[in-house]
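Here's a short set of exercises to work through with the model open beside you. Try each task before reading its solution.

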Amino acid sequence: MTEHFDMLIRGGTCVLPWGQEATDVGTRGGRIVALGVPSSATATTTIDAKGLHVLPGLIDPHVHFRDPGDASVESIPMGSKGAVLGGLAAVFDMPNTSPLVVDAKMVAWKQEYVESHSWCDMGIYVGGSKTNIPELSDLELGRGVCGIKIFAGSSTGDLMVEDDVNLEKVMRSGRRRIAYHSEDEYRLQARKSMFKSGDPYASHMEWRDEECACLGTRRLMHLARKTGRQAHILHVSTAQEFEYLKDYRDICTCEVLVNHLTQVAPDCYERLKGYAVMNPPIRGQRHMDAAWKAVNDGLVDTIGSDHAPHSKEKKELPWPDCASGLTGVQTMVPIMLNHVNAGRLSLNRMVDLMCAGPARVYGAVGKGRLAAGYDADFTLVDMKHRRKIENSWIVSPCGWTPFEGMAITGWPVATIVRGNVVMRDDTVLGKPSGKLVKFVG
Ligand SMILES: [Zn+2]
């Protein structure tokens, strides 16, 4: 009897957990059911992937879609559209919105809103603040919640837990891995008066210096060991932290940002001015080299875009009044593929960082692996395609990318989420059908 599938992906080179294989993939009911499908099999939809690589659906575990907030800058419908155009099947969205996602009411609102407005699947972070610590152990188990996010250094205004007493209380308030923005708030505040309005944009990395990040990470690791609570340090940005964290693998995983692998000071500040300002800052060559070393040593678990749009007006203010944060969700995959083509990492390692890594760190169920029984999420890429990143391609309403003009080799040509083709050749298809990602409780 001829076997019938919902979808067959024929003729591609698949990046499997055990390496690359030229094989065909069959899906049914939104899941992968077979690899190595006989030529006699039929399907409702057949995708010709000849000349393409078939990756598990790529995941960006660090975006700020600003929803609710200011839709003229970013929103879940537009941010997730950028995600699928850029080859991402799922994103995990941060809680520093207006209002903040810090209580059961806002979590419920976001759960409903995501499943009626998102183009990709999504995970939701819940923000930890000094006032919601007693509720965190319940909130972290909510549907679609990927974890608690703690801002231990000021990046975002009112959402912050900076002192050891409250950080320890947070760590003792639940059991899942906590994601941290690690910069020492006291050192940040103490150094602020060393600078004045209108100083060069590169002052950003002098103010938020290496020690701000290192001190924050040392304090968090001390408390994580003391409490036994697993930690994930977001956007590690210094050579010293990469070295230090090698001794904390029992309690800590870590992320590096595309920006810290791609942009370098002082060039970025001279060229981009406010459009290079983000937290933690882009630093010098030594730190970029250390980030690549950490990627290739296997220390880094996940790669994030830290997509954090702001209006052009706010980015063009003099330093330090210019807003911190860069766009990146749509450009992340092309830039990483370009790094693969430049020989900086292998395609297998990229998939490890963008699929298996986030699934392992956050406990995502059915994601991050091209294997039977997993969600039928795929990113099809053409490793030979050459194209320039252009502002006109960016769908984020803020309308800019710090990577404008960058020449890329390697481009995502299709995004498939649970068996639905949501992007093909730069066109978004169907309607928003994203769902909340499931996490191990
Ligand atoms: Zn962020």
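The exercises below go from domains to cores to two helices.

Before you start, note that this is a predicted model: local features need pLDDT of at least 70, side-chain atom pairs count only at pLDDT 80 or more, and totals for chains, interfaces and linings use all residues. Residues are numbered from 1 along each chain as its sequence is written.

**Exercise 1.** Find the domains and describe the side of domain 1 that touches domain 2.

Solution. Start with the bounds, which come from an automatic or database domain assignment: domain 1 is 4-54 + 373-396 + 404-428, and domain 2 is 58-362. Their centres, taken over C-alpha atoms, are 28 Å apart. Next, the contact (C-beta atoms, placed from the backbone, within 7 Å) takes 24 residues from domain 1 and 30 residues from domain 2. On the domain 1 side, β17 gives the largest share, 7 residues. Strands here are DSSP runs of E, at least two residues, and helices are runs of H or I, at least four, both numbered from the N terminus. Finally, sort that side by class: 14 nonpolar, 8 polar and 2 charged residues. Ala, Val, Leu, Ile, Met, Phe, Trp, Tyr, Cys and Pro count as nonpolar, Asp, Glu, Lys and Arg as charged, and the others, Gly among them, as polar.

**Exercise 2.** Where does the largest nonpolar core lie relative to domain 1 and domain 2?

Solution. A nonpolar core is a set of buried Ala, Val, Leu, Ile, Met, Phe, Trp, Tyr and Cys residues joined through C-beta atoms within 7 Å. Buried means 20 or more other C-beta atoms within 10 Å of the residue's own, with C-beta atoms placed from the backbone. Of the 110 residues in the largest core, Val 54, Leu 88 and Cys 120 touch the most other members. Helix α14 (residues 347-362) supplies the largest share, 8 residues. Domain 1 and domain 2 both give residues to this core, so it lies between them.

**Exercise 3.** Which residues of α7 are buried, and what covers them?

Solution. Helix α7 covers residues 210-227. Its buried residues are Cys 212, Ala 213, Cys 214, Gly 216, Thr 217, Leu 220, Met 221 and Ala 224. Their cover includes α4, β12, α5, β13, α8 and β14. Just after α7, Gly 228 has a positive phi of about 75°.

**Exercise 4.** How many residues of helix α13 are buried?

Solution. Helix α13 spans residues 332-341, and 9 of its 10 residues are buried, so this helix is largely enclosed by the rest of the structure. Among the buried ones are Met 332, Asn 338 and His 339. Gly 343 follows α13, with a positive phi near 85°.

Methods
Buried ≥ 20, exposed ≤ 12 C-beta atoms within 10 Å, placed from the backbone. Contact = placed C-beta atoms within 7 Å. Expected span 1.5 Å × (residues − 1).
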